[in-house]
Every structure is written in C-alpha cells, then in structure tokens.
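This report goes through selected helix contacts, buried positions and backbone features of one protein chain. The sequence and structure come first.

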Amino acid sequence: MTAPRLSLATIATEVPMGAQAYQRQIGERAQAALTHEASEPWTVRSLVFRSLRSRLEGNRRLPLGRVARASESARAALGRALFAGDAVSHRMALELPPSPHADVITLHDVVSWRFPDESAPVAAAAAEARRAAAVICVSAFTASEAVDFLGVSDPHVVPNGVDPRYFDAAPLSTEARAGLGLDQPYLLHAGGAARRKNLEALAAAWPRIHRERPGMVLALAGPPHPRRTELFAGLPGVHLLGRLSDELMPGLVAAARAVVVPSLYEGFGLPVLEAMAARVPVIAANTSSLPEVAGGAAVIVEPTADGVTDGVLAATSGDPAVDRLVAAGRARAAEFTWERSAQGHARVWSSLR
C-alpha cells in the first residue's frame, strides 16, 4: 500500500521574512512530526514555486502573477494538475492555487484585506479559504479574524515557535555593536514600516524618551522604507540599521536594553517572543495578537505616543519588577517551540487522511 503524501507548497522569495521562517521551520520538521503523530507512514514533498524567469532556487515554475489574478475555476484546474497524487496539500502561500484533495492553508493574518498599504489580497483567496479542508491560524486572534472577516468555519490555532538561537543568544560584542553605530545602550524596533506597525507613535514618543534616557539610542532594524526615514529624520539618537542578516539578529536582540513593538495589528508578533527568549524586556501594544502572545510577561501599553513613552520608561527604569517580568517572559517564550508547532500541524494533516 502506498504511503499517503503531503505536499508543502511555498513560493521562493528573495528577501525572506517571518512567513518564510515559518515555512522553513515547519518544512524541516514535517516528516518527523508526522512520524510521531500519524498512525501510518507518510511521505512529504516540498514544492517551491518561482516565476518563469526567476533565478531564485526552486523546483517548480509558474506565471505567479497570472495565477494570483486568475479566476477561481482556472486556479482550481491548475491545482488539480499541480497536486495530483496528494493525500493532503498544504499551501503556505495564498497566491498558489487550491488542491482538489485535502487543501490546507496557513493564515498568518488578514492584513491584505484590512490595510490598503499592504499587498492586495489574491482575489480568490477568501472563497478558497472558506472551502479549504483546514485553515491553520497562528494565533487565536487570527482565528477570530478568519471567522469574522473571511467567513472561515472552525479554523485550527497552531502557534508559531521561537528560533532556539534566541534562547542561547550572546549579546553582540562591543566591536560588533560599534560597527553598527551602536556604542550606547539602545532601544530596538525590528520589523517593517507599514502603517499597521505604528511607527508614528514611536517617532512621536522618542524625543521625550530620549530626554529622560539621554544615554540610550533608538535602533531601527528593517528593510529601508521612505516612511520610516521620513518619520525619524532629524530626531536625536536614532540609528537606521537597514535589513540585517538573520545570523546577526539574535545577538542584536540580546544586546538591547528593551524591545518595543507598538503595532496596531499583528497576526502573531514573533519579535515579542524572540526578545523574551533572549531575556530582554518587551514593550508591546495592547492590540490584536500581542497581549495573547505576551501572556502577561511584557509591558503592555496603549498604542499612542504617551503609552509607548510610559512603557519604555518603565521597562528601562531598573525597577526589580522588570527583572521579574523578564524571567516570566523567558518562561513564556519556552512554551513556543517549532517542534510543538510542527506536531500541531501534523495532527491537522493526519486528521484529513
């Protein structure tokens, strides 16, 4: 008897972000997780799609732009060809067409539908999500969005994990920090510059924070973006670091005085857990998934300039209560492993057999 096959379908990306980290971590653990959870042997196939002329690594080519814009019927026909022979097909990118078998999707958030400055949603994606055999959401908040905003029934909540490197991270050396222009203690924000990231509140808060903490600078890590540059231009003690390598990030986080996540909307908010794992105080907005993920182990603030200011000053005050919060954060982060996440995925996959 032939073993059932799971296909994990992704899209090759030149600049990997959080979604790509999720894909890699789950992909690396899928076979072992299925072996542990399933009652029969499975095979796992990785499908990495790239555009017709792309030089990125992959094993399948598609006219990705046309596929994303295609009608539901055209996408369904293409999916029948791409996923023939699967028992379960897990599309980790909504641009890819649906499988005719047990079609599984991951929903990190619904920002494409909610925020006009984000990438436009795939036209057929909402309807395909409602028809999917299973929708995996990375947080209870995202699951509620899937139900209320997209009309998905009974989504599965399977949280992300934390890269183990953050638990073992040594703070960047003095020399490495100096190479980044960080020769003073720093407050760190790492991420994008879309409007939902709420950098406006951080920019408005920073002058007051800097007056109260003149020995501390603000480090902003993330792909260059004109909005970020404009918001922080001329502010004292601000360092725009640009996009840094994944290898550098654990040490950068571990060396921070505190990490601030003032976002208006996050489907999960991985920087919160990464900082907690690295024993760094976290200031997070009282919005979307952030309180859920923080689990009471962060300084939770209103997403306003005053809220961010007060939170940063509290987190960097030296109060022993902050040390207790950091210890709680470390324990909270330890609950989120990629092995546990992969096992949660495997339970969903094997249930559809």
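## Helix α11

The buried residues of helix α11 are Leu 270, Val 272, Leu 273, Glu 274, Ala 275, Met 276 and Ala 277. The model that shows this is a predicted one. Helix α11 covers residues 270-277, and 7 of its 8 residues are buried, so the helix is largely enclosed by the rest of the structure.

The enclosing elements can be named. The buried residues of α11 pack against three helices and two strands: α10 (249-254), α12 (290-294) and α14 (320-333), together with β11 (258-261) and β12 (282-285). After α11 comes Arg 279, which has a positive phi near 65°.

## The chain as a whole

The protein chain contains 15 helices and 13 strands. Its C-alpha trace spans about 65 × 40 × 40 Å along the principal axes. The radius of gyration is 21 Å, which agrees with the value near 20 Å that a compact globule of 353 residues would have.

Of the 353 residues, 52% are buried. Of the contacts between residues at least 6 apart in sequence, 64% join residues at least 24 apart.

## Helices α1 and α15

Two packed helices are described by the angle between their axes and the distance between the axes. For α1 and α15, the axes come within 7 Å and cross at roughly 60°. That angle makes α1 oblique to α15, and the crossing of α1 past α15 is right-handed. On the α1 side the contact is formed by Tyr 22, Gln 25, Ile 26, Arg 29, Ala 30, Ala 33, Leu 34 and Glu 37. On the α15 side it is formed by Trp 338, Glu 339, Ser 341, Ala 342, Gln 343, His 345, Ala 346, Arg 347, Trp 349 and Ser 350. By class, this contact has 9 nonpolar, 5 polar and 4 charged residues.

One residue of this contact can be followed further. His 345 belongs to helix α15, residues 338-351, and counts as buried at 0% relative accessibility. Leaving out residues up to four places away in sequence, His 345 touches Tyr 22, Ile 26, His 90, Ile 136 and Val 158. Gln 23 is in helix α1, residues 18-37. With a relative accessible area of 11%, Gln 23 is buried, and beyond its neighbours within four places in sequence it is in contact with Thr 10, Ile 11 and Met 92.

## Helices α8 and α13

Helix α8 (residues 199-212) packs on helix α13 (residues 305-315) at an angle of about 40°, and the two axes are 8 Å apart. This makes α8 oblique to α13. The crossing of α8 past α13 is right-handed. From α8, the residues in the contact are Ala 201, Leu 202, Ala 204, Ala 205, Arg 208, Ile 209 and Glu 212. They meet Ala 305, Asp 306, Val 308, Thr 309, Asp 310, Val 312 and Leu 313 of α13. The residues of the contact divide into 9 nonpolar, 1 polar and 4 charged.

Helix α8 also has residues in contact with Leu 231, which is placed in helix α9 (residues 226-232). Outside its neighbours within four places in sequence, Leu 231 is in contact with Leu 199, Glu 200 and Ala 203. The C-alpha atoms of Leu 231 and Leu 199 are separated by 7.6 Å, while the two residues are 32 apart along the chain. Leu 231 is partly exposed, with a relative accessible area of 27%.

## Positive phi in loops

Which loop holds Asn 198? Asn 198 lies between β8 (186-190) and α8. Its phi is near 60°, a positive value in a residue other than glycine. Asn 198 counts as buried, at 7% relative accessibility.

Asp 154 also has a positive phi without being a glycine, here about 55°. This residue sits in the loop between α6 (140-150) and β7 (156-157). Is Asp 154 buried or exposed? Its relative accessible area is 68%, so Asp 154 is exposed.

Terms used:
Residues numbered from 1 in each chain as written. Predicted model: local features only at pLDDT ≥ 70, side-chain atom pairs only at ≥ 80, totals over all residues. Heavy atoms only, no water. Axes fitted to C-alpha atoms, helices over the stretch in contact; angles between N-to-C directions. Helix = DSSP H or I, 4+ residues; strand = E, 2+ residues; numbered from the N terminus. Parallel < 35°, antiparallel > 145°, perpendicular 65-115°, else oblique. Left-handed = near helix turned anticlockwise from the far one by under 90°. Contact = heavy atoms within 4.5 Å. Nonpolar A, V, L, I, M, F, W, Y, C, P; charged D, E, K, R; others polar. Buried < 20%, exposed > 50% of the residue type's maximum accessible area, 1.4 Å probe, protein only. Rg over C-alpha atoms; globule rule 2.2 N^0.38 Å.
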